[in-house]
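Trainee: Please take one part of this model and go through it with me slowly, explaining how its pieces are arranged beside one another. I would like to follow it in the picture as you speak.

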Amino acid sequence: KVQNHVKLSALLLRTTQTHFSYLFMLSSLARHATRLTALPVIVGVRSLHVHEYLSMELMREHGIHTPEGYVASTPDEAEDIYTDKFQNAGNRRRDCVIKAQVLSGGRGLGHFKNGFQGGVHMVTKPGQAREFASQMLGQELVTKQAPNGILCSKVYMMERMYMRKEMYLSILMDRASQGPLMVASPRGGTSIEDVAASNPEVIFTQPIDIVEGLTEEQCDHMASNLGLEKGTAPYEKAVKLMKNLYDMFISCDCTQVEINPLAETPDGDIVVCDAKVNFDDNAEYRQKTIFDRRDYSQEDPREVEASKYDLNYIGLDGNIGCMVNGAGLAMSTMDIIQVKGGSPANFLDVGGGATEAQVQKGFEILNNDSNVKAILVNIFGGIMKCDVIANGIINAAKEIGIRKPIVIRLQGTNVEKAKLLIEGCGFKMILANDLEDAATKAVGVADIAAQAEKIAVDVKFESFDL
């Protein structure tokens with residue numbers, strides 16, 4: 001449920017219209033979801049996530065030292081990279097690490113649905129790259145963050161690094177400080193949440209004034225917190241890396257840049273060995289080159305389809321589809337569904353300025369979702385007119401048909417006009433007097449539909465009239 005809460009709180013912030021207003025918003029679910037007191041309170045943002053190899057490319061473009069690495073899409077290509085780039089490149093033969101490129105954390109401890117264990121492996125001899133890649137590519141990797149599995153279409157062949165010291169460094173947008181925040185720890189290479197729980201004293205934070213930017217003094221302070229000795233080459237390189245990292249964070253409209261581990265090598269280099277970078281969706285218009293590399297195969301197809309129509313949609317794991325106007329009303333609707341013993345299948349906020357076409361597409365997404373057993377429409381008409389919602393639903397019903405029971409609660413602007421449209425449309429829908437009544441009916445009919453499906457009985461809800 002916490003994962004769902006984080007996704008939902010992220011959706012609230014997508015409804016903002018300005019670039020920085022998302023820094024100050026907070027939902028009650030976000031407060032429940034972020035319980036690590038040793039870490040800053042972080043508000044989620046609906047962001048673009050990119051693969052590790054793209055994060056590494058972007059860092060290299062900003063003068064940040066990363067290991068040598070190459071992307072492969074086939075087992076033969078992976079083997080060729082190992083042979084040509086790591087074995088026959090000059091006189092220095094090197095091992096490399098092959099990493100499954102999926103948008104999920106915990107890859108090393110995950111497993112593929114074909115039984116192959118782990119999404120990260122060391123390649124030390126000929127033939128291994130091909131063997132490992134053949135087990136990864138085209139298979140779904142299951143992790144704690146992705147229990148249903150995510151398809152692996154590429155692998156990243158990265159130079160093996162020998163690390164004298166593993167550290168943690170990140171920059172993110174923080175609600176509490178109302179701006180960028182740098183987080184550092186001398187204990188990297190493991191889950192930062194685990195470190196925060198067991199040793200919160202080794203988690204260091206540094207708020208950054210977004211107008212003034214990252215200062216030399218702040219970089220010095222954080223380099224010392226990483227356990228590096230002032231005046232040494234690693235210390236100076238870490239300070240330079242922080243400056244370049246912050247420049248990338250601002251210039252690329254990042255919402256989070258996380259490096260774990262940040263490594264000090266035996267010869268004194270400071271190297272980014274693994275990184276996660278997210279970007280603000282609101283900045284797509286000025287970050288075209290980054291957003292053009294978005295991997296839609298890693299995303300929920302329902303969310304991808306909804307985004308084409310500028311709908312705020314997040315898929316959840318329940319069986320009651322929700323269509324609501326306004327993020328706060330949508331959250332309340334899902335809360336009361338759970339109070340009544342049901343479970344929402346999605347967050348869908350059509351907003352105040354939705355067109356009939358947007359409403360129709362949102363309804364189609366709900367109707368096509370096999371997990372959805374009933375649809376609850378809850379509209380409080382203000383800017384959003386109830387008759388626009390009604391027309392969108394009716395048009396969708398005419399084109400694709402109604403296969404699932406629909407519970408509708410309408411109040412506000414043009415509500416009487418909307419009721420007349422629904423009454424005359426020829427489709428049977430369940431009308432509710434208020435939100436509690438709507439939730440009770442939605443939970444009830446969803447349960448009936450689910451039970452009927454289990455015993456292969458076809459149920460039609462034609463006895464419910466307006």
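Mentor: Let us begin with one pair of strands: β4 and strand β6, which covers residues 140–142, run antiparallel and are joined by two bridges. Here a strand is a DSSP run of E with at least two residues, a helix is a run of H or I with at least four, and both are numbered from the N terminus; two strands pair if DSSP finds at least two bridges between them. Before we go on, please keep in mind that this is a predicted model, in which local features need pLDDT of at least 70 and side-chain atom pairs count only at pLDDT 80 or more, while totals for chains, interfaces and linings use all residues. Residues are numbered from 1 along each chain as its sequence is written, and side-chain values use heavy atoms, with hydrogens and water left out.

Within this pair, Phe 112 stands opposite Leu 141 in β6. The pair belongs to an open sheet of three strands, ordered β4-β6-β7 with antiparallel pairing. Because β4 (111–112) and β7 (150–151) each have a single partner strand, they stand at the edges, and one side of each is left without a neighbour in the sheet.

Another sheet can be read in the same careful way. Four strands, in the order β2-β8-β3-β5, form this open sheet, and here too the pairing is antiparallel. Its edges are β2 (69–72) and β5 (120–123), each with a single partner strand, so one side of each lacks a neighbour in the sheet. From one strand to the next, the twist averages 25°, where axes are lines fitted to C-alpha atoms (for helices, over the stretch in contact) and angles between N-to-C directions run from 0 to 180 degrees.

Look now at strand β3 (residues 96–100) and strand β8 (residues 155–159), which run antiparallel and are joined by five bridges. Across this pairing, Val 97 stands opposite Met 158 in β8. Helix α3 (residues 52–61) packs on the sheet and touches β2, β3 and β8, a contact being heavy atoms within 4.5 Å; the direction of α3 makes about 45° with that of β8. Helix α4 (residues 75–87) packs on the sheet as well, touching β2, β3, β5 and β8, and its direction makes about 160° with that of β2.
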